[in-house]
Amino acid sequence: MATKSVVQEVKEIALAIELIELGARLQLLEAETSLSRDRLIRLYKEVKGESPPKGMLPFSTDWFMTWQPNVHSSLFYNTFVFMNRQARCEPIHAIVKSYRLYLEHLRLHDETPALSLTRAWTLVRYFTSGLLQMTPCSRCGGRYVAHAHDPQRGFVCGLCQPPSRAGRTRRNALASQIAA
Ligand SMILES: [Zn+2]
């Protein structure tokens with residue numbers, strides 16, 4: 001029977017704590033570490049002071065297509081692609097780094113995060129399984145999260161064609177980031 005090295009185990013616990021602090025659900029922790037469910041639950045309770053929420057993740061690709069989530073998801077995913085390519089670290093570490101940058105960006109612009117860490121992680125999984133693609137906007141050139149196989153020609157993003165309720169300043173702040 002192979003025994004897990006102590007160093008490896010410490011790394012996994014450190015990763016799990018970081019993920020829990022950033023708001024990860026149990027499913028994410030189980031997928032990204034080899035720690036047992038019982039240990040993860042105990043860790044979660046210790047870090048958060050409460051039991052992890054039960055039940056399946058109620059996500060679908062459609063959530064990422066609605067206006068504000070699409071802008072936030074695109075901001076996150078553009079950063080993730082860059083991180084994943086540049087840092088050459090494991091995807092989960094690229095997710096954590098990109099997610100921290102995403103939070104930092106929103107904090108600077110005084111915006112509330114729409115994307116949870118678990119949703120960000122699910123987004124990356126949807127890309128990996130080919131359900132989503134990045135589509136360039138024909139007006140601003142920024143790349144946006146879209147359904148795979150949707151027509152790419154003439155696509156106009158949510159920032160170039162926002163619903164009237166969206167504030168102009170906030171749009172511009174996010175647009176400059178995505179088109180950069
Ligand atoms: Zn655009």
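1. A good place to start is Cys140, which sits in the loop joining β1 (132-136) to β2 (143-147). Please keep in mind throughout that this is a predicted model. At 31% relative accessibility, Cys140 is partly exposed, because its value falls between the 20% and 50% cut-offs.

2. Cys140 has company at the metal. The zinc ion takes its protein donors from the SG atoms of Cys137, Cys140, Cys157 and Cys160, at distances of 2.3 to 2.4 Å. Along the chain, these donors are spaced as C-x2-C-x16-C-x2-C.

3. What is the arrangement of the 4 donor atoms around the zinc ion? It is tetrahedral, because the angles they subtend run from 105 to 114 degrees, and four donors count as tetrahedral if all angles lie between 85 and 135 degrees.

4. The UniProt record, an unreviewed entry, lists Cys137, Cys140, Cys157 and Cys160 under "binding site". These residues are spread over 24 residues of sequence, yet they cluster in space, with a largest C-alpha distance of 8.4 Å. The zinc donors in the model are Cys137, Cys140, Cys157 and Cys160, so you may like to read the record and the coordinates side by side.5. Cys160 deserves a look of its own. This residue is found in the loop between β2 and α7 (168-179). With neighbours within four places in sequence left aside, Cys160 is in contact with Cys137, Arg139 and Cys140. Two of the names in that list, Cys137 and Cys140, also appear among the protein donors of the zinc ion.

6. Is Cys137 buried or exposed? Cys137 is buried, because its relative accessible area of 5% is under the 20% cut-off. Cys160, by contrast, counts as partly exposed, with a relative accessible area of 27%.

7. Now for the fold around the site. The protein is built from 7 helices and 2 strands. Read from the N terminus, the order of elements is α-α-α-α-α-α-β-β-α. The loop that holds Cys140 lies between the β1 and β2 strands, and the loop that holds Cys160 runs between β2 and α7.

8. Some whole-chain figures to finish. The protein has 180 residues, of which 39% count as buried. Among contacts with a separation of 6 or more, 54% are between residues 24 or more positions apart. The exposed area comes to about 10,500 Å², and carbon and sulfur atoms supply 51% of it.

Methods. Residues numbered from 1 in each chain as written. Predicted model: local features only at pLDDT ≥ 70, side-chain atom pairs only at ≥ 80, totals over all residues. Heavy atoms only, no water. Donors = N, O, S within 2.8 Å, 3.2 Å for Na, K, Ca; no water. Tetrahedral: all angles 85-135°; square planar, octahedral: opposite > 155°, others 65-115°. Buried < 20%, exposed > 50% of the residue type's maximum accessible area, 1.4 Å probe, protein only. UniProt positions renumbered as here; feature names shortened; annotations may be inferred. Helix = DSSP H or I, 4+ residues; strand = E, 2+ residues; numbered from the N terminus. Contact = heavy atoms within 4.5 Å. Areas by Shrake-Rupley, 256 points an atom, 1.4 Å probe, with all protein chains shown as cover.
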